[in-house]
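Colleague: Could we go through the surroundings of the ligand and the contact between the chains, one question at a time?

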Amino acid sequence: MEAPKINDGTTKAGDWRTYQRVLLPPVRDLHQIEVYEQHGGYSALRAVLNDGKFDPQGLGAHVKESGLRGRGGAAFNTGMKWSFMPPVDPDVPRFLCCNGDESEPGTFKDRQLFEYNPHLVIEGMVLGNFAITAKACYIYIRGEYASWIDHFQRAVDEAYAKGYIGENILGSGFSTDIVVHKGAGAYICGEETSLMESLEGKRGYPRVKPPFPAQKGIWGRPTTINNVETLACVPLIVNHGAEWFSSMGAERHPGPLLYGIAGHINKPGVYEFPTGMLISDLIDEVCGGMRGGKKFKALVPGGSSTPVLTAEQCVGATMDSDSLREAGSMLGTAGMLVMDEDTDMVAFLRRITHFYHHESCGQCTPCREGTGWLEKLVTRIDEGEGNMRDLDLLLDLCDQIEGRTICALADAAAWPVRWTIRRFRHEFEAKCKPAVFAGADLQGDGASGQLVPVV
Amino acid sequence: MDSPSPKPLYVPGQVPERRFSDEELVWTAEEQQRIDGWVAQYPTSDGAVMKVLWLAQEKFAWLPAEVIKFVAETLGLPYAKVFGVATFYTQYYKQEMGTWVLDVCTCFACQLCGGYDMLHYLEDQLGITKGETTEDGMFSIQEVECLGACGSAPMLQVTNGPYIHNLTAAKCDTLLAGLRAGKVPAFESVTLPQDEDDLGGNRRSDAEAVEAYQTPPVSETIE
Ligand SMILES: Cc1cc2nc3c(=O)[nH]c(=O)nc-3n(C[C@H](O)[C@H](O)[C@H](O)COP(=O)(O)O)c2cc1C
Ligand code: SF4
Ligand code: FES
């Protein structure tokens, strides 16, 4: 029997037109701690620490039950990730890292949380620390977000002053710290092991796994890494319950989601809806349609490393991991880039290959050299100097790169190349020089010799 | 990569060319206090190295060899280690830069919305190309990767600080004139489209400037 088709064109976001936002609720000055408290802020923390709503294992189990999946790209179940931490040993400190590096091209959602709802993130971090019994949470924010780091640091200071972080939080006996760490411009530091190296004050070279961070993380201690938006969901789950969370949006990938939508649309920006929104609803209704009434041509659904989809592939597809897998891509960070009919896919791919070449840390040969060759070949094609067989060479290069490196940056570099060529090959071919054969019978008089390809 | 690897700033055994005197290479009491606070945030003093490098860059404008050495001595770390960190991250300046560094994003969302048009416009206006500094030392232009503001593409960042969103040629002119007059651009809060309906625009009453989301400009470069 054939499996039922997932992408049948029905939305999984339910009645999204009347959706009430929870991650970025429409409250003015929510970034101020008093306003946040007036709107129920830190009540989840009180419920857990003062009223004993959950013990650490119970909180982890509840989050697992809610079905929350990481919003940083890999969509791994968060409660499950927490359960990988070894049993508590009072002599060994443990840490949580909040990943606010957000450098994947097309992704700009965490920035809105820093700006508009930082205390939700802080509350989530303290709850996360409680669930895994962490001594401290290090939040790594990319250095370019200097203004937002200041905003966030101010919020952390306010929370310290009010006793939500620090020694003996709310008189519960639980103590934990939050440290804001400023990056300095390196995409690779979003990769979890590279982030840990960077926190330790080193060059951001990813580590070989295993050992996994839960065994040996920062300073060799058990560590869990979660994205900013992931942790922001935790207080919501405590307040409203796992059932509320798991009943929202797509069944196997539930919850509220920040969609960062950019490109050739009328109203770009970050939108909050449940997961499982129809791509067509997002483009036509939410974002006010394509810019200048042009035709929709292609979509990158979740940051530059997710394979590009053609307009046909987007028909009936929704924004959750199952649906996008069927469509031929991934949810990634839900940073969507919409392209109209005038977009040159070769020039587009050329810029992506430049990005990955620039950001490769250089530890592994397939990545360091391979990303360079990807860029060189795509550039050559874009400039009209490429040959037809360069396309196959590019695909072969992707085979040589994927799965042969320490971290996933190399895969992330190869996927866009592979899938953009597969799905828009005609555009690449149109820019390539046709193969020329020496000795071809161009006159058609039958006088020419052997046919030898010269390119 | 675009640029060749930087020349070694400091070769052991050689005396590097000095830019700052010993009297200049000191922390004030207030700075030293901040550094001590940072060191306390990490299990080892290594963790504070990125923060101290940032402080050094704010103070000395860039990181020549003697400043890196100064940071290394402050934290009791080997010079080579701090040098390694300083050269890994792109935001630490290993060369002298202009007073204002214009980091123009041309990554894919900005590319589609005219990032290269803005880059070339600024290059024309200042008479330099990316990677260069104007003769009067006022401006440097760099082409950078996605800055996490794709919703307000094309955009740029001024000297590792404020973001300028939804760039147009006219906006570039205003920016350059303001910077020439020494005005640091104010923090701009970009409204969320859903807030237009629910809140009537900006939700932060303390933001000095508000930039509405808007239909991205039409790019000339990518067709
Ligand atoms: C090259 C690379 C870059 C990454 N960049 C980020 C990032 O900027 N932000 C992020 O949250 N996760 C990023 N990730 C994913 C993290 O490694 C990690 O999976 C994630 O932070 C886990 O959080 P989550 O479970 O909450 O999603 C990146 C992964 C790779 C391979
Ligand atoms: S895959 Fe690339 S980025 Fe990742 S460790 Fe290897 S060289 Fe570095
Ligand atoms: S592509 Fe320019 S900010 Fe993201």
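Colleague: Which element of chain A gives the largest share of the shell around ligand 1?

Modeller: This is a predicted model, in which local features need pLDDT of at least 70, side-chain atom pairs count only at pLDDT 80 or more, and totals for chains, interfaces and linings use all residues. Residues are numbered from 1 along each chain as its sequence is written, chains are lettered from A and ligands numbered from 1 in the order in which they are written, and side-chain values use heavy atoms, with hydrogens and water left out. With strands taken as DSSP runs (E, at least two residues) numbered from the N terminus, the largest share of that shell, three residues, comes from strand 4, residues 223-227.

Colleague: How much of the accessible area of ligand 1 does the protein cover?

Modeller: Backbone N or O atoms of A:Gly72 and A:Arg71 lie 2.8 Å and 3.4 Å, respectively, from an oxygen atom of ligand 1. Of the 610 Å² of accessible area that ligand 1 has on its own (Shrake-Rupley method, 1.4 Å probe), the protein covers 89%.

Colleague: Which residue of chain A meets B:Asp198 in a salt bridge?

Modeller: A salt bridge here is a side-chain nitrogen of Lys or Arg within 4 Å of a carboxyl oxygen of Asp or Glu, and the rule finds four across the interface of chain A and chain B. In one of them, at 2.9 Å from N to O, the side chain of B:Asp198 meets that of A:Arg21.

How values were computed. A polar contact is a pair of N or O atoms within 3.5 Å; within protein, one must be able to donate a hydrogen and the other to accept it, and residues adjacent in sequence count only if both atoms are side-chain atoms. Helices (H or I, at least four residues) and strands (E, at least two) are DSSP runs, numbered from the N terminus.
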